[in-house]
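Work through these exercises with the model in view. Try each task before you read its solution.

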Amino acid sequence: MSRPVSPCSASKRRPAASILLPLLILLVVVITLVALGTGRYPVSILDILRFSAGLIGWSQLEPAQFDLMYNLLVEIRLPRVLAALLLGAALAVSGAAFQGVFRNPLVSPNLLGVLSGSAFGAALGMLLGGNWLLIQLVAFACGLVAVGLALAIAHAFGQGSLIMLVLGGIVSGALFAALLSTVKYVADPYNELPAITLWLMGSLASVEIREVLWAAIPMGAAIVALCASGRWLDALAMGDDEARTLGVPVALVRYGVIGCATLLGALTVSLAGMIGWVGLIVPHVARLLCGPGHSRLLPVSTLLGASFLLMADLLARSLADSEIPIGIVTELLGIPVFLLVLRRVRRGWN
Amino acid sequence: MSMEPGVLRACGLRFERAGRTVLDGIDLSLASGDILALLGVNGAGKTTLLRCLLGLLRPCAGQVSLDGAPLASLSRQRLACRLAYVPQAHVAPFPFSVREVVTLGRLPYQGPFGAAGATDLDAVESAIDQLGIGALAERPYTELSGGERQLTLIARALAQGARLLIMDEPVSGLDFGHQIRLLRHLERLAADGYGILKTTHHPDHALACASRVAVLHQGRIEVDDVPDKVLTPERIRRLYRVDVEVLRVSGGRSVVIY
């Protein structure tokens with residue numbers, strides 16, 4: 001048993017905000033460079049920097065060398081790296097915001113069923129033999145439908161109270177999980193079923209740069225909107241009545257956060273399948289670094305989530321000869337991290 | 001901070017829930033300098049009345065006004081600068097520090113995007129000083145005792161700059177010493193010009209620390225007067241169905257004996 005540290009020293013041990021954010025940005029940059037350089041054909045960080053300088057015209061590289069690097073770094077590795085950064089940030093920040101809105105540190109972005117709905121949608125798209133675009137569109141639409149169903153249940157039975165939202169999410173999630181099982185059951189076991197199963201484990205391998213750039217616009221906007229709601233979320237975490245008497249537009253904040261997180265979750269699944277745990281653990285690690293105040297927690301979670309998923313993807317594609325699904329990596333990485341976090345925070349939950 | 005007088009007034013409030021009349025023609029007012037104790041048995045509708053006064057519930061009839069303006073005509077932010085709610089000390093889901101909780105009181109001045117400025121930090125520090133919780137400022141709110149949490153929530157209401165405070169059972173769950181110290185704090189605040197409405201289950205506390213006592217009974221304010229006139233043995237017997245005596249002790253104070 002470790003002695004609980006005194007709260008004063010715990011808060012003093014946290015780095016100041018002015019240092020923490022630049023440090024995390026540096027972490028993101030370093031992992032990005034390492035991820036770009038890692039693969040079957042390794043490139044040193046120095047070469048990446050030299051190539052980047054060439055790309056913006058600061059220095060000259062041999063044309064053959066430049067073309068090779070362009071193909072390797074920009075065409076092959078960059079889409080994947082950008083996707084990992086974007087999705088990691090999206091999952092982590094929506095998890096942190098959901099935990100504030102639902103006043104519960106054990107909530108994940110899937111609380112209202114967005115990931116279950118999108119997973120079903122993607123499987124359905126595959127069953128219908130659709131092309132990649134159709135699969136993504138169906139996945140996105142079903143994610144929105146799942147959350148819509150959860151909200152409808154909450155409003156039909158409980159005037160949209162917090163507990164009814166959670167119950168509505170459980171019902172909606174269960175429904176779409178059952179529907180997913182149905183799709184798997186009727187899928188052709190030789191081609192479709194393995195494709196669905198593999199896809200549900202999550203992968204960034206088939207992400208294309210065009211998709212990432214398209215998705216980056218709404219996702220970036222949603223991430224910024226969530227980060228900006230931090231101070232309101234602090235008040236909301238204390239209770240609806242208190243937040244209202246502090247001048248916070250409670251319904252706007254709650255449904256705004258749900259809307260942003262739903263958009264982020266549905267786009268995440270339609271780009272890369274199911275990636276679990278990021279939205280649950282990253283906010284906890286972030287709280288250890290910067291404390292519970294949401295105006296710091298949300299940006300810190302964003303940067304930490306981006307680094308975490310990029311690191312997980314790096315492991316997914318470099319641990320074994322063939323690629324490991326990233327969903328498995330995040331879960332295997334997530335469990336020990338979560339246990340470490342639990343050790344630190346259990347005091348507050350007893 | 002400027003301290004112009006404030007008056008919160010309820011006129012003919014009526015509230016029904018599921019076909020049952022909870023409040024039936026309530027007239028009540030709270031002015032700065034008052035400590036108004038609201039007594040009533042469990043289920044009498046005290047919390048409903050508080051929520052109507054705070055503009056959290058819309059009454060079926062009648063209205064609540066602040067300095068003559070109906071609550072419905074004021075934005076939540078403007079209302080928050082003049083009327084504050086102090087809930088019962090509760091457990092927060094996240095270990096915000098005491099200072100962070102008090103700083104929430106500045107939200108109505110900042111909006112979501114503004115950071116806390118110098119005025120805000122001053123207001124927070126002076127609220128913390130006023131309640132003498134400077135030593136707790138960096139402690140997590142979740143690890144405080146009930147009494148310390150209640151002081152934190154009152155400090156937040158002061159940081160809000162509101163002149164009128166509405167408190168839901170501020171002393172419930174506190175130990176004997178904390179109860180008395182909290183009542184002393186309320187007296188000091190009233191002397192500084194704050195108007196306080198508090199619900200309570202203790203006739204003794206209403207006798208010891210209130211300028212007026214209102215009794216909520218069967219959806220109406222049965223009586224609203226100075227404590228000695230309201231808290232007679234007959235009324236306490238009728239209200240709570242217990243036999244008591246009210247004794248006058250030295251210093252003009254009265255106590256309830258049971």
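The radius of gyration is taken over C-alpha atoms, and the globule rule is 2.2 Å times the number of residues to the power 0.38. Keep in mind that this is a predicted model.

**Exercise 1.** Find out whether the radius of gyration of chain A agrees or disagrees with that of a compact globule.

Solution.
- Step 1: Take the chain length, which is 350 residues for chain A.
- Step 2: Apply the rule; a compact globule of that length would have a radius of gyration near 20 Å.
- Step 3: Compare. Chain A has 21 Å, so the value agrees with the rule.
- Step 4: Add the box. Along the principal axes, the C-alpha atoms of chain A fill roughly 65 × 55 × 40 Å.

**Exercise 2.** Repeat the check for chain B.

Solution.
- Step 1: Chain B has 258 residues, and the rule gives a radius near 18 Å.
- Step 2: Chain B has 18 Å, so it agrees with a compact globule.
- Step 3: The C-alpha trace of chain B spans about 55 × 40 × 35 Å along its principal axes.

**Exercise 3.** Describe the secondary structure, burial and contacts of each chain.

Solution.
- Step 1: Count elements. Chain A has 15 helices and 0 strands. Chain B has 10 helices and 12 strands.
- Step 2: Look at burial. A residue is buried if 20 or more other C-beta atoms lie within 10 Å of its own. In chain A, 48% of the residues are buried. In chain B, the share is 46%.
- Step 3: Take the contacts between residues at least 6 apart in sequence. In chain A, 74% of them join residues at least 24 apart. In chain B, 68% do.

**Exercise 4.** Examine two spans of chain A that UniProt lists under "transmembrane region".

Solution.
- Step 1: Start from the record. The unreviewed UniProt entry lists several such spans in chain A, including 212-232 and 252-285.
- Step 2: Residues 212-232 of chain A are 95% helix and 0% strand, with end C-alpha atoms 30 Å apart.
- Step 3: Residues 252-285 of chain A are 85% helix and 0% strand, and their end C-alpha atoms lie 28 Å apart.

**Exercise 5.** Which elements of chain B give two or more residues to the side that touches chain A?

Solution.
- Step 1: Count the partners. In total, 25 residues of chain B contact 26 residues of chain A.
- Step 2: Name the elements. They are helix H2 (76-80), strand E6 (83-86) and helix H4 (107-110) of chain B.
- Step 3: Find the largest share. H2(B) gives it, with 3 residues.
- Step 4: Sort by class. This side of chain B has 17 nonpolar, 3 polar and 5 charged residues.

Terms used. Residues are numbered from 1 along each chain as its sequence is written. Chains are lettered from A and ligands numbered from 1 in the order in which they are written. This is a predicted model: local features need pLDDT of at least 70, side-chain atom pairs count only at pLDDT 80 or more; totals for chains, interfaces and linings use all residues. UniProt positions are given in the numbering used here, feature names are shortened, and annotations may be inferred rather than shown by experiment. Helices (H or I, at least four residues) and strands (E, at least two) are DSSP runs, numbered from the N terminus. Two residues are in contact if their C-beta atoms, placed from the backbone, lie within 7 Å. Ala, Val, Leu, Ile, Met, Phe, Trp, Tyr, Cys and Pro count as nonpolar, Asp, Glu, Lys and Arg as charged, and the others, Gly among them, as polar. A residue is buried if 20 or more other C-beta atoms lie within 10 Å of its own, exposed if 12 or fewer, and partly exposed in between; C-beta atoms are placed from the backbone.
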